Amino acid sequence: MEMKDPGALDMRLEKVQTPAIPQTDMASIRFMFQEMNQQYLEHQPASYYVTAKRIMDVAISSLFILTIMSWLTPILAILIKLTSKGPVFFVQKRTGYMGTEFDCFKFRTMYVNDEAHIKQVSINDKRITWIGKFLRVTHLDETPQFFNVLLGDMSVVGPRPHMLYHTRYYSECIPYYNLRLEVLPGMTGMAQIKDYIGEISVERELRKRIQWDIYYMKNRSIWLDINILFTTFGCVFVKAYELITGKSSK
């Protein structure tokens, strides 16, 4: 009978099973966000990035306010007042950097209603005024947010700020949702140039937006901000052309 040496080490190796990626829809999405979260945590932007980005924000917002909004605001104010009763500007509490609240400025595009702060605007929403439709398609309704940029509540480029109600709701059901709060919210961002904009009709669409927000945070740089900015301007001009002419650019 063979005796085992009590001083010998047992060198037998057991095969370790590699955990399989979950197959259910919800589990696979969670797995995706886990990978993205790890990538994000490993990324550090250039040391000059924050300072350069703030200089760019102040320069762009100041230039736009002085050269465009100085004459555009009175014209839009008259059109808004002529088409509906209510204030020219719509001020709404939004979630900003690290979860702080701030007043987000917009030109009013809807009739005054009690659901403006809790119900998201949908396609063909009856609350939208005639001039409001034009403002929303061309994104001129968001130009007062250049004042938010100047005040430091927002940046020109970054994840779009959500209503307080949506932030509370989505942070409870979307994995890693709050990561997007670790940078200043923006007037435009990766999700917007990828055509994830406007009404959120299904939760999966929101998850894709969050995916692009985190992608931006992982890869953020001045050059990426400039690329997003010029792409946004191109998209706005195309939409304005299609609305005015009734022709599709595609």
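Where does Asp 195 lie? Select Asp 195 in your viewer, and you will find it in the loop between α6 and α7 (203-219). Before you look further, note that this is a predicted model, in which local features need a pLDDT of at least 70 and side-chain atom pairs count only at pLDDT 80 or more, while totals for chains, interfaces and linings use all residues. Residues are numbered from 1 along each chain as its sequence is written, and side-chain values use heavy atoms, with hydrogens and water left out.

**The whole chain**

Colour the chain by secondary structure, and you should find eight helices and four strands, where helices (H or I, at least four residues) and strands (E, at least two) are DSSP runs numbered from the N terminus. Following the sequence from its start, the order of these elements is α-α-β-β-α-α-β-α-β-α-α-α. The chain has 250 residues, of which 41% count as buried; here buried means under 20% relative accessible area, exposed means over 50%, and partly exposed lies in between (1.4 Å probe, protein chains only).

Now show the surface, whose accessible area comes to about 15,400 Å², with 61% of that belonging to carbon and sulfur atoms; such areas come from the Shrake-Rupley method with a 1.4 Å probe, and for residues only the protein chains shown count as cover. Among contacts (heavy atoms within 4.5 Å) between residues at least 6 apart in sequence, 71% join residues that are at least 24 apart.

**Residues 58-80**

Next, select residues 58-80, which an unreviewed UniProt entry annotates as "transmembrane region"; UniProt positions are given in the numbering used here, feature names are shortened, and annotations may be inferred rather than shown by experiment. In the model this span is 100% helix and 0% strand, and its end C-alpha atoms lie 28 Å apart.

**A pocket beside helix α2**

Stay with helix α2 (residues 49-83), because this helix gives the most to the lining of the second largest pocket, namely five residues. A pocket is, on a 1 Å grid over the protein atoms alone, an open set of points with protein on both sides within 12 Å along at least five of seven lines, whereas a cavity is a set of points where a 1.4 Å probe fits but cannot get out; lining residues have an atom within 4 Å of a point. The second largest pocket holds about 260 Å³ of space, a volume being the space filled by probe spheres set on the points, which are joined across faces, edges and corners. Select Tyr 49, Val 50, Lys 53, Val 183 and Leu 184, which are the closest to the pocket's centre of the 14 residues that line it. The lining divides into eight nonpolar, one polar and five charged residues, where Ala, Val, Leu, Ile, Met, Phe, Trp, Tyr, Cys and Pro count as nonpolar, Asp, Glu, Lys and Arg as charged, and the others, Gly among them, as polar.

**The enclosed cavity and Pro 161**

How many cavities of 30 Å³ or more does a search of the whole structure find? The search finds one, and the space in this largest cavity is about 70 Å³. Select its lining, which includes Thr 95, Arg 160, Pro 161, Tyr 177, Leu 181 and Val 183; by class, the lining has six nonpolar, four polar and two charged residues.

From that lining, centre the view on Pro 161, in the loop between β3 (155-157) and α5 (164-173). Pro 161 counts as buried because its relative accessible area is 4%. Leaving aside neighbours within four places in sequence, Pro 161 is in contact with Arg 94, Thr 95, Phe 102, Met 154, Pro 185 and Gly 186.

**Around Ile 197**

Is His 139 buried or exposed? His 139 lies in the loop between α3 (130-138) and α4 (145-151), and it is buried because its relative accessible area is 19%. Its contacts beyond four places in sequence are Ile 197, Val 236 and Lys 239. Then select Gln 192 in helix α6 (residues 190-193), which touches Arg 160 and Ile 197, not counting residues up to four places away in sequence.

**Back to Asp 195**

Return finally to Asp 195, which is exposed, with a relative accessible area of 59%. Its phi is near 75°, a positive value in a residue other than glycine, and for His 139 phi is near 65°, also positive.
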